Amino acid sequence: MPLGEQEQFLSYNGEVLIFQLSKPKCVEGAADKTMNLCVRRMGFNRDTKLFVQKSSGVFSMHTSHLKNEIICCSCTTDSRTGIILPCILMKKKKRNNVVKYLLLLLHSSNQFEQSFHFKLDYEMKEDIRLFTGPSVLWRHANKLFYISSDTCTVRSAPVQLSSVVWTGEIENEGTVVLGTRTACLTDSEDEHELSTSDRAIWGSEFFGYVLETQKMLTGTCFMPHAYSRVVTSVYVCKNKMLKKQLQISLVAITRKNQLIWFQDGLPKGVCELPYEKPCSVETAVTSSNDLLFIVSFASGNICVVQRRDSLQVVSTWQKVKSVLVDDFIGSGSEQLLVLFKDDSNTDVLSTFKLTDLGAVSYASGVNYKHDVPAAEGLQENGLLTVQALERRLQAGCTSVQELQRHLRLKKKVILGSCRALIDLVEERTHILPTAKEVKCRSEREGLVSLWDDVENPPHSLSKETSLASKVPECFTEKLWQRVVGDSLVVGVKLTESFYLSLSDVSLSLVMDQDCPLISPIIECRNKIIKLNKAFSELSVSSCQIEPPPKKIKLDLHSKSNLRKEFPKRCSNVQLDGAKTVVAVTSLSPLLAFHHVCCVVLLHAKKQKHRTESLQESKKITVLCGKILLSLEDISKGKYSVKMLKDNSYCTGSVEDILAVLAVSVRFSFQIVSSDWTLTPVNSWLLGEMECTPFKECHDNIFCHKEGNMYGTVFNWTLKNPLEGVLTLYCRSLTVLFQCLHSLSRVLPPSCDVKLLRSGSRGALTEQLALALEKEMLTLRSSFFSKDSKAETNLTWGNEPGQKISDAPSASLLDSEGGVQQFRKKLQNEREESVRSLNQTMKGALYQEIALKLAEAQLSSDMIVWRLS
């Protein structure tokens with residue numbers, strides 16, 4: 001088939017459609033009254049790397065003094081089926097200036113369908129567009145006309161316009177025409193306001209017109225009016241409605257040879273184009289998710305602009321016949337097919353370039369089959385591997401971005417909570433955000449509100465603040481601080497009347513400085529140290545290690561040990577001393593601020609009576625005061641621990657002793673000797689270890705030996721001449737091993753040294769017996785006592801004391817009626833027994849019983865773990 005002068009290219013579903021007009025061969029002398037519209041479907045062959053013909057079709061038209069011409073072709077949606085089909089607009093010009101237009105649809109079977117036709121007394125020449133329907137739109141004499149397959153009638157839009165720059169679909173609006181027109185000022189804009197009107201200054205304005213509803217859209221949502229005089233073509237990349245606001249991303253080309261990116265009506269990027277007179281722009285998304293803009297010029301040149309961090313020209317081609325965008329190789333992404341002009345070769349698709357400016361690159365004139373046979377498979381496999389790796393990389397980047405977003409939100413929530421805590425400490429009313437602000441923030445950040453969206457929540461933070469600040473007027477005797485090595489120790493000494501009604505006591509340090517980059521909450525660990533009047537150390541750290549399997553049984557929110565349960569039997573030392581809560585934190589991060597002011601908060605659970613259940617306790621937060629810390633004071637040794645010798649005694653104060661104990665780790669060893677007395681231990685402490693007892697606490701002795709062991713505190717308790725308990729307070733395990741190595745040289749060879757978990761074995765055994773007794777009593781009182789039955793309203797089959805059955809008498813079993821009577825009685829008793837097993841109980845009551853049992857079992861399990 002010889003090529004005619006008319007030739008159009010269109011990409012559809014990865015194929016290249018070539019439309020041509022030609023006259024069929026006829027017999028010599030016969031009149032030629034027909035014209036054929038031919039279509040050829042060309043597909044890319046991945047073996048030969050060339051385009052080959054897959055199928056063809058023909059549509060014959062009667063010519064009869066008519067001049068046929070292909071106006072344009074495009075892929076549009078058929079409103080009858082919703083399927084996108086190739087659409088061709090044909091023109092037949094008559095002699096009397098009547099022009100007939102014909103719109104054809106091409107189906108997958110290569111059959112042409114005439115959608116509609118219409119006549120005009122002029123030729124369409126300006127801004128001709130095909131869109132959904134199919135429909136045709138054009139501009140004539142600064143007026144907008146359109147016709148669709150539904151009406152088949154030419155309609156005129158009631159707008160005046162000087163150009164059409166884009167036609168397409170807008171979400172929730174329909175088909176929209178974006179154009180420019182002479183500025184139309186409203187009645188409110190008088191002559192004095194003309195100088196300040198952007199539209200009046202530039203003389204023209206952008207506007208959007210909705211064909212279905214005849215609605216006008218504000219042009220500033222697309223781009224400022226100042227660009228209306230230079231923009232020639234637009235491509236809308238994204239559009240959506242968000243909170244009744246139209247958000248649009250588009251790219252435009254101008255008469256100034258520029259490509260400009262607009263986001264929501266504002267320019268976000270600009271790129272200088274390499275050639276003059278740009279006429280159209282379209283987009284492509286490659287396998288690497290790069291967004292490419294293909295700009296065509298009137299001279300036949302093409303350039304590709306890439307949008308990443310900025311707009312930049314990445315490739316150019318000259319003498320281009322046509323450029324198409326589609327997935328020609330079937331990789332799932334788009335490629336560019338550049339068709340070049342070649343006068344020496346009349347074959348269609350003879351000179352082309354197929355590329356995505358990345359891994360895909362094919363060109364005509366290269367014999368891939370013979371030139372590079374070994375590299376062909378490698379290129380295919382390499383392409384698939386690169387695509388898979390790129391997708392994995394993109395998924396990883398998306399995961400990292402989501403994680404970063406989550407961390408930013410987490411930091412924002414933590415800082416907001418810290419601000420609320422600071423307001424609570426300073427006894428200021430913290431203002432919660434309104435429901436509207438919370439809702440807007442949740443929609444923007446993807447958060448979910450934890451309370452109902454009401455303007456004035458009933459339980460506000462101000463109410464909690466007032467409740468938390470209602471504490472006894474005098475509850476602390478002293479607030480102190482010490483510096484031990486690289487640790488800051490802060491202690492709060494509580495009055496006896498106050499701490500007896502508390503449980504789960506801890507301290508928090510909050511920086512008073514307003515530093516938005518860091519959290520004001522200082523990470524620290526807490527210890528509770530209780531001394532009697534003779535300053536003998538009784539309790540251990542409140543954050544001691546617990547057996548891991550028991551942690552998940554029940555969270556009692558309390559670290560109180562059995563001394564509260566059995567104060568008279570677990571120790572022979574009177575509990576008439578003071579209780580000190582200590583917080584230990586790292587010192588070096590605080591010194592970066594040179595001067596630090598910290599607020600000290602005490603958190604606890606307050607109970608009215610010691611027998612009160614844990615559910616009825618109330619959390620309180622108490623402001624204990626502020627501490628000041630500066631690098632200058634530390635350099636002068638203002639808060640240093642001072643342990644000096646004075647007449648064979650250590651003169652450290654109570655606070656110094658507590659600071660040393662707080663930063664140390666406690667280890668207890670039971671030493672048993674079967675053949676020799678343990679008098680060498682005391683000599684070893686006072687001699688080789690150079691220990692001196694505290695002046696206020698003779699039981700605890702301080703090591704003054706130079707080296708790593710300096711500052712270690714010992715406590716040696718001799719139960720009898722052959723058995724004793726040695727307790728060490730060391731800064732590290734290295735110091736512990738050094739002490740044990742030195743001790744092993746003075747102990748008799750037959751000595752047995754055993755590490756104790758907590759306390760002596762005799763005291764723990766006594767505590768275990770009491771705990772098991774309490775656990776048994778709790779079980780019996782909860783389920784088996786008569787009072788428990790009455791209180792819990794359990795449904796039992798038999799009353800207490802009632803006999804289940806008497807032994808059958810011999811006379812009763814002699815007769816048949818007696819046997820039946822006995823069977824009936826036995827059946828009734830069996831049914832009563834089954835009903836007695838199906839007991840019912842209220843949920844709240846069951847929860848209370850389970851809590852009591854768990855408390856008792858947890859106490860006994862803890863002591864068993866310490867004894868093991």
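## Close-up views

**View A. D264 sits in the loop that runs between strand 19 (258–263) and strand 20 (266–272).** The model shown in this and every other view is predicted. D264 is not a glycine, yet its phi is positive, at about 55°. Is D264 buried or partly exposed? Its relative accessible area is 35%, so D264 is classed as partly exposed, the class between the limits of 20% and 50%.

**View B. K49 occupies the loop between strand 3 (34–45) and strand 4 (50–62).** The phi angle of K49 is positive, about 60°, although K49 is not a glycine. The relative accessibility of K49 is 1%, and K49 therefore counts as buried.

**View C. G133 and P134 are joined by a cis peptide bond.** The omega angle of this bond is about -5°. P134 is placed in the loop between strand 9 (126–131) and strand 10 (135–140).

**View D. S156, a residue of strand 12 (residues 155–160), is shown with its contacts.** Which residues does S156 touch, when those up to four places away in sequence are not counted? They are L144 and F145. F145 and S156 are 11 residues apart along the chain, and their C-alpha atoms are separated by 4.5 Å. With a relative accessible area of 43%, S156 is partly exposed.

**View E. The largest nonpolar core has 27 residues.** Within this core, the residues that touch the most other members are L488, V492, L507, V600, L602 and L629. At least two core residues come from each of strand 30 (487–494), strand 31 (502–511), strand 34 (578–586), strand 35 (595–606) and strand 36 (618–630). A further core lies apart from this one; it has 23 residues, including W684, M689, C703 and L728. In soluble globular proteins, nonpolar side chains tend to be buried together.

**View F. L629 is shown with the residues that it touches.** Residues up to four places away in sequence are left out of this list. The contacts of L629 are Q481, L488, L587, L590, H594, H595, V596, I634 and Y639. L488 and L629 are both among the residues that touch the most other members of the largest nonpolar core.

**View G. Six strands form an open sheet with antiparallel pairing.** In what order do the 6 strands stand? The order is 38-39-40-41-37-42. Strand 38 (691–693) and strand 42 (752–756) are at the edges; each has a single partner strand, so one side of each has no neighbour in the sheet. From one strand to the next, the twist averages 30°. Helix 11 (residues 679–686) packs on the sheet and touches strand 38, strand 39, strand 40 and strand 41 (723–730). The direction of helix 11 makes about 160° with that of strand 40.

**View H. Strand 40 (residues 713–720) pairs with strand 39 (residues 700–703) and with strand 41.** Strand 39 and strand 40 run antiparallel and are joined by 3 bridges. In this pair, F714 of strand 40 stands opposite I701. Strand 40 is also antiparallel to strand 41, with 7 bridges between the two. The bridge partner of F714 in strand 41 is L728. A hairpin of 2 residues connects strand 40 to strand 41.

**View I. Strand 41 is largely enclosed by the rest of the structure, because 8 of its 8 residues are buried.** E723, V725, T727 and Y729 point one way from the strand, whereas G724, L726, L728 and C730 point the other way. Strand 41 pairs with strand 37 in the antiparallel sense over 8 bridges. One position in this pairing is V665, which stands opposite C730 of strand 41.

**View J. S664 lies in the loop between helix 10 (654–663) and strand 37 (665–672).** S664 is buried, with a relative accessible area of 3%. Its side chain reaches the backbone oxygen of V660 at 2.6 Å. How many of the 10 residues of helix 10 are buried? The number is 9, and helix 10 is mostly covered. V660 is one of these buried residues, as are E655, D656, I657, L658, A659, L661, A662 and V663.

**View K. Two cysteines, C38 and C397, are compared in a structure that holds 0 disulfides.** A disulfide is a covalent bond between the sulfur atoms of two cysteines. C38 is buried, at 3% relative accessible area, whereas C397 is partly exposed, at 37%.

Conventions
Residues numbered from 1 in each chain as written. Predicted model: local features only at pLDDT ≥ 70, side-chain atom pairs only at ≥ 80, totals over all residues. Heavy atoms only, no water. Pairing = 2+ DSSP bridges. Helix = DSSP H or I, 4+ residues; strand = E, 2+ residues; numbered from the N terminus. Axes fitted to C-alpha atoms, helices over the stretch in contact; angles between N-to-C directions. Contact = heavy atoms within 4.5 Å. Disulfide = S-S within 2.5 Å. Buried < 20%, exposed > 50% of the residue type's maximum accessible area, 1.4 Å probe, protein only. Core = buried A, V, L, I, M, F, W, Y, C linked by side-chain atoms within 4.5 Å. Polar contact = N/O pair within 3.5 Å; in protein donor to acceptor, adjacent residues only side chain to side chain.
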